[in-house]
Amino acid sequence: MTGETKNVILLNQVYTTYEGADLPVIQDVSLQIKPGEFVVIGGPNGAGKTTLLETIVGLLPVVNGSVQVCGHDVVRDGCAARKKIGYVIQNYDFHPFTPFTVEEIVLMGRYGKIGWLKRHSEYDLDKVTTAIDNLGLTLMRHNQIGKLSGGQQQKVLIAQNLAKEPEVLLLDEPFSNLDMITREEVSNLLCEIADAGIAVLIVSHAFDALPNRTIRVLVMQNGKIILNQQSDPSDVESLVRTASVAA
Amino acid sequence: MLEFLIPNNVLCHAVEAMLFASLGCALLSVLITQMNISSIGFTMSHAAFAGGAVGAFLGFAIIPSAIVISILTAFLMGPLSDRTRMHTDTTLGVLFGTMMAVAIFFIALMQGTGKGFEASSLLYGNVISLYREEIYALALITILIIVFLIAFYKEITAIVFHKRIAEITGIKVRPIYYGILFLISLMVAISIPIVGGLLLYIWLVTPAAIAYQFCNTIKRMFIMAPLIAIIISVTGAVCGIMYSLPVGPLTAVVFSAVFVGSVAISPKRKVVFHKH
């Protein structure tokens with residue numbers, strides 16, 4: 001008999017705030033995510049979607065409640081937790097002459113795991129190559145990131161997080177800079193990642209490229225989760241729209 | 001250290017001082033320019049300048065006084081920005097103005113108390129009257145910077161690329177960041193007697209700015225910036241002493257001229273036009 005699968009993300013009555021904010025940006029959020037779940041977070045602008053991701057990563061002060069990722073408390077043991085979390089940020093702006101190549105940036109995804117005072121191994125380079133190939137960046141491996149298009153830069157950051165071998169993968173607007181074909185490629189890749197047992201959480205306003213699998217939909221409004229249910233990919237957009245309007 | 005190459009003792013000291021100051025400052029200049037913390041470097045160089053001025057006025061050694069004020073400023077900047085809830089540049093602008101005012105105030109007082117020479121050294125540097133211990137200290141700090149860069153190269157490059165992404169990767173950003181600030185404050189304080197508080201900033205920015213015109217990777221910048229800085233600084237020291245010119249200002253002007261030239265011929269500014 002097998003025991004119940006452990007949650008990889010566990011939020012218990014969490015309140016998160018930014019310094020200087022009048023009210024907590026995230027209010028009374030409780031959430032459990034299991035390995036291999038594919039979660040889509042929707043809701044209007046300013047609902048707290050990105051803040052929720054940053055809370056899970058441990059980048060914001062939690063004023064109440066607890067946040068655990070892969071058994072680590074992100075407030076007390078943030079670095080250990082972040083070694084198991086991949087997080088593709090939304091806003092980045094790389095100067096055309098940023099002096100780093102695609103390969104160097106993807107390798108940076110491994111740095112937390114490699115540890116202090118150690119150099120990367122062949123295993124690390126293998127992971128980098130696999131991630132670069134999976135995202136179709138093989139020919140751009142030695143290009144500077146600033147010379148790539150917005151969509152290609154986004155793929156580099158996704159590759160960086162895949163090279164990290166995370167147990168939880170968070171993506172903020174992963175489809176926003178991608179063309180239709182690349183959206184489908186990335187969506188299929190995310191589906192494979194979830195199928196491999198990694199929890200995938202995406203914040204998105206684009207629901208046309210979701211993978212064909214069961215999806216957990218979270219809708220946020222004013223820092224609270226107002227809807228949390230399983231859905232087919234085709235119903236996600238209407239669920240988000242209905243919940244947002246009703247709220 | 002280089003007496004076997006340069007028999008003239010004064011010239012030898014000047015070359016040694018310029019060699020180590022330019023090597024250490026150039027390595028830090030790559031971090032300062034690529035992390036966009038120029039205003040931090042600017043404020044810290046003036047903090048060291050103020051520290052040196054206060055120390056000289058009170059009769060203390062310049063370098064320890066500069067080190068103390070510079071390090072205090074480095075560790076004051078972050079919390080001050082948080083507390084005042086203002087953009088870091090605004091806080092640094094206030095700090096920079098304060099430090100400059102303190103430095104000028106004490107230098108003006110020193111002029112009236114017969115310490116005019118010390119005041120002048122603080123402003124423009126003086127490579128001729130350096131003590132051997134000062135050069136050893138400079139060499140030591142430079143070696144410390146090199147060891148720090150080699151030991152934490154991957155963490156440093158990740159922070160240079162994107163501080164937030166580095167943090168997400170699981171790197172402990174804060175100790176490395178404060179380590180960089182600490183080394184800048186040490187280097188700045190110890191270089192003041194050589195190149196002067198007013199000119200030091202040239203050494204902390206220009207080598208990397210020149211290297212940036214020709215390098216596409218950070219690794220190449222870490223090699224090219226010190227090479228450029230050493231060539232210009234040592235040449236400046238030799239020419240300055242041979243022709244009795246002020247070494248610090250002369251070298252600073254050459255740095256600026258090379259920067260202008262590098263921008264003019266930089267391959268980064270070429271426009272490719274294929275007519276097919």
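**Figure 1. The residue just after helix H3 of chain A in the predicted model.** In this predicted model, A:Gly115 adopts a positive phi of about 90°. This glycine comes just after H3(A), a helix that covers residues 102-114.

**Figure 2. Length and bend of helix H3 of chain A.** H3(A) comprises 13 residues, which at 1.5 Å a residue should span 18 Å. The C-alpha atoms at its ends lie 19 Å apart, which agrees with that expectation. The helix is bent by about 35°, and the bend is located at A:Met108.

**Figure 3. Burial of helix H3 of chain A.** Because 10 of its 13 residues are buried, H3(A) is largely enclosed by the rest of the structure. The buried positions include A:Val102, A:Ile105, A:Val106 and A:Leu107. A:Met108, the site of the bend, is also buried, as are A:Gly109, A:Arg110, A:Tyr111, A:Gly112 and A:Ile114. Both chains contribute to the cover over these buried residues. From chain A, the cover includes helix H4 (122-134) and H5; from chain B, it includes helix H7 (153-161) and H8.

**Figure 4. The cavity lined by residues of chains A and B.** A search of the whole structure finds one cavity of 30 Å³ or more. The volume of the largest cavity is about 40 Å³. Its lining takes A:Tyr87, A:Gly109, A:Gln160, A:Asn161 and A:Lys164 from chain A, and B:Ile165, B:Ile168 and B:Thr169 from chain B. Among these, A:Gly109 is one of the buried residues of H3(A). At least two lining residues each come from helix H5 (150-163) of chain A and helix H8 (163-169) of chain B. The most is given by H8(B), with three residues. By residue class, the lining consists of three nonpolar, four polar and one charged.

**Figure 5. Length, bend and burial of helix H9 of chain B.** H9(B) runs over residues 173-195 and has 23 residues. From its first C-alpha to its last, the helix reaches 31 Å, close to the 33 Å expected at 1.5 Å a residue. A bend of about 25° occurs at B:Ala189, and the proline B:Pro193 follows within four residues. Since 19 of the 23 residues are buried, H9(B) is largely enclosed by the rest of the structure.

**Figure 6. The residue just after helix H9 of chain B.** B:Gly196 is placed just after H9(B). This glycine takes a positive phi of about 90°.

Terms used
Residues are numbered from 1 along each chain as its sequence is written. Chains are lettered from A and ligands numbered from 1 in the order in which they are written. This is a predicted model: local features need pLDDT of at least 70, side-chain atom pairs count only at pLDDT 80 or more; totals for chains, interfaces and linings use all residues. Side-chain values use heavy atoms; hydrogens and water are left out. On a 1 Å grid over the protein atoms alone, a cavity is a set of points where a 1.4 Å probe fits but cannot get out, and a pocket is an open set with protein on both sides within 12 Å along at least five of seven lines; lining residues have an atom within 4 Å of a point. Grid points are joined across faces, edges and corners, and a volume is the space filled by probe spheres set on the points. Ala, Val, Leu, Ile, Met, Phe, Trp, Tyr, Cys and Pro count as nonpolar, Asp, Glu, Lys and Arg as charged, and the others, Gly among them, as polar. The expected span of a helix is 1.5 Å times one less than its number of residues. The bend at a residue is the angle between axes fitted to the seven residues ending there and the seven starting there. Buried means under 20% relative accessible area, exposed over 50%, partly exposed in between (1.4 Å probe, protein chains only). Contact means heavy atoms within 4.5 Å.
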